[in-house]
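Biologist: I should like to learn how the features of a structural model are read. May we go through one together, feature by feature?

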Amino acid sequence: MEIIDFDKKRKEKDKAKSKNNKVDELFLDKAVTLSEALPYIKKFAGEIFVIKFGGNAMGDDKIVEEFAKDIVLLKKIGINPIVVHGGGPQIGDMLSKLQIQSKFIDGLRVTDHETVNIVEMVLSGSINKDLVTKINKQGGLAVGLSGKDGNLIEAKKLRRTKKDENSNIEKILDLGFVGEPTQINPEVFIALDDSDIIPVIAPIGVGKNGETYNINADTVAGKIAEAVSACKLIMLTDVDGLMDKNGKLVSKVSDSEISVLTKKKVISGGMIPKTMTCVNAVENGVESAHILNGTIPHILLVEVFTETGAGTMIEAG
Ligand code: ADP
Ligand code: MG
C-alpha cells in the first residue's frame, strides 16, 4: 500500500514557483499544466476508457455538467470514453415518490416486477437521457443505450447466499430481478469505433426470456472494460477512494490487500463490488483501474493527465 504526502509535494511546487515573478503565475501554471499533459495525450490517443459515474456523485447538476465537459475533452483529444452510470439514490427517490414500499434483505432492496419497471424507467429513461443531454450540450455527441440495445448486456438472476449464523447453513437470498452479466456483446461499440459518438450506458441487462435485470453499475462497467480491452477503468464515486482502517486514502492497492481489507470489514457496502470489479478488470486485461471522488470537479483530468494521479489505483498481483 502506498500513501502520498501531498503537503510535501505542494511545498516543493511553491518553492519552484517563487523563483519566477515576471509572468502572472496563474497563467503560467495553466500553460505548464497543458504542456505537461502532452505525453499523456500521446500515450492515450485511440485508447478506450470505461468511466463509471456513481449515482451518489450524480446528485448535483453542476457536478454532472463539469463531468460532461471532461468527457467531451477526452473525446476531442482522441481518447474513446464509454460512460456507465449508476442511479441508486435516484431510484430510491422515485420509489418513495410513487409510494412503492420495498422489502429489504440484509440492507439489499428486493426488486420485484413492479420495482424493476421503475428501475428501468429511471435508469434508461431519465438519468441516461439527462447525462446524454448534458454531454451533448458541452459539444459532445453522446448516445444513450441500455444493456438491451444491441443485446449489449445479457444477464441472469444474481445468486446471492448468506450463511445462517446458528446452523452455518448457506441460504439463498431471493432479491428478485437483480442480475449479473453473463455476456457482453460489444458489437455496438465496434460499430461506433472511429466515430465521434460517446456511448452512455444504463446498467440494465436482458435475460434469456427478455426479462429486465437491474445490475450493479460497477459490475457493468468492469465487464464492458474487459470486453473492449479498455486501457483504464475509472470509478467516480462520492469518496476520495479506498480508505484504510484509519480513514486514510490508499493511493495504490493490490488484489491480495483488498481481500484482507474486505475480510477485516474495512471495505464494506458499495465499496465491495467496486474494489472486486477493479481487481477482476486488471486481472482480465484492463491496464489499470482507479477509484476517484467524482464530486471534485475535473478529478478525471487530474487522474489522466498528471503523474501523481488521484484517488486509489488498483494493481494486479
Ligand atoms: P457509488 O454510487 O459511487 O457506487 P457506493 O455507495 O455504492 O457509491 O459506494 C461508495 C461507498 O462505499 C462510500 O460512500 C462509503 O460509504 C462506502 N465504503 C465502505 N467501505 C469503504 C472504504 N474502505 N473506503 C471508502 N469507502 C467505503
Ligand atoms: Mg455502488
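Modeller: Let us begin with the lining of the largest cavity, which by class comprises eight nonpolar, two polar and two charged residues. Please bear in mind throughout that this is a predicted model.

Biologist: How is empty space inside a protein found, and how many cavities of 30 Å³ or more does the search of the whole structure find here?

Modeller: The general idea is that a probe the size of a water molecule, rolled over the atoms, reveals where empty space remains. In this structure, the search finds one cavity of 30 Å³ or more. The space in the largest cavity is about 70 Å³.

Biologist: Which residues line the largest cavity, and which element gives the most to the lining?

Modeller: The lining consists of Phe53, Ile63, Glu66, Phe67, Asp70, Leu236, Gly294, Ile296, Pro297, His298, Ile299 and Leu300. Two elements give two or more residues to this lining, namely helix H3 (61–76) and helix H10 (299–305). The most comes from H3, with four residues.

Biologist: How should one describe a pair of aromatic rings, and how many aromatic pairs does the structure hold?

Modeller: Two values describe such a pair: the distance of the centres and the angle of the planes. The structure holds three aromatic pairs. One of them is formed by Phe44 and Phe49, with 5.2 Å from centre to centre and 75 degrees between the planes, an edge-to-face arrangement. Both Phe44 and Phe49 are buried. Another pair, Phe177 with Tyr213, is tilted, with 6.1 Å centre to centre and 45 degrees between the planes.

Biologist: Where in the chain do Phe177 and Tyr213 lie?

Modeller: This pair links distant parts of the chain, since its members are 36 residues apart. Phe177 is in the loop between strand S8 (170–173) and strand S9 (179–184), while Tyr213 is in strand S12 (residues 212–214).

Biologist: Is Phe177 buried or partly exposed, and is Tyr213 buried or partly exposed?

Modeller: The reading rests on relative accessible area, where buried means under 20%. Phe177 counts as partly exposed because its relative accessibility is 25%. Tyr213 has 8% and therefore counts as buried.

Biologist: May we apply this reading to Asn128?

Modeller: Asn128 belongs to helix H5 (residues 113–137). Its relative accessibility is 0%, so Asn128 counts as buried. The side chain of Asn128 also makes a polar contact, at 3.1 Å, with the side chain of His85.

Biologist: Where is Leu158 found, and how far apart in space are Leu158 and Leu175?

Modeller: Leu158 sits in the loop between strand S6 (153–157) and strand S7 (160–163). With a relative accessibility of 22%, Leu158 counts as partly exposed. Leu158 and Leu175 are separated by 17 residues in sequence and by 7.8 Å in space, C-alpha to C-alpha.

Biologist: Finally, which residues come nearest to ligand 1?

Modeller: There are 17 residues around ligand 1, and those that come nearest are Lys52, Thr237, Asp238, Val266 and Lys274. An N or O atom in the side chain of Lys52 is 2.9 Å from an oxygen atom of the ligand. For Lys274, a polar side-chain atom lies 2.7 Å from an oxygen atom of ligand 1. The backbone takes part in Met243, where a polar backbone atom is 3.0 Å from a nitrogen atom of ligand 1.

Technical notes. Residues are numbered from 1 along each chain as its sequence is written. Chains are lettered from A and ligands numbered from 1 in the order in which they are written. This is a predicted model: local features need pLDDT of at least 70, side-chain atom pairs count only at pLDDT 80 or more; totals for chains, interfaces and linings use all residues. Side-chain values use heavy atoms; hydrogens and water are left out. On a 1 Å grid over the protein atoms alone, a cavity is a set of points where a 1.4 Å probe fits but cannot get out, and a pocket is an open set with protein on both sides within 12 Å along at least five of seven lines; lining residues have an atom within 4 Å of a point. Grid points are joined across faces, edges and corners, and a volume is the space filled by probe spheres set on the points. Ala, Val, Leu, Ile, Met, Phe, Trp, Tyr, Cys and Pro count as nonpolar, Asp, Glu, Lys and Arg as charged, and the others, Gly among them, as polar. Rings of Phe, Tyr and Trp (its six-membered ring) pair if their centres lie within 6.5 Å; planes under 30 degrees apart count as stacked, over 60 as edge-to-face and the rest as tilted. Buried means under 20% relative accessible area, exposed over 50%, partly exposed in between (1.4 Å probe, protein chains only). A residue is near a molecule or strand if one of its heavy atoms lies within 4 Å of it. A polar contact is a pair of N or O atoms within 3.5 Å; within protein, one must be able to donate a hydrogen and the other to accept it, and residues adjacent in sequence count only if both atoms are side-chain atoms.
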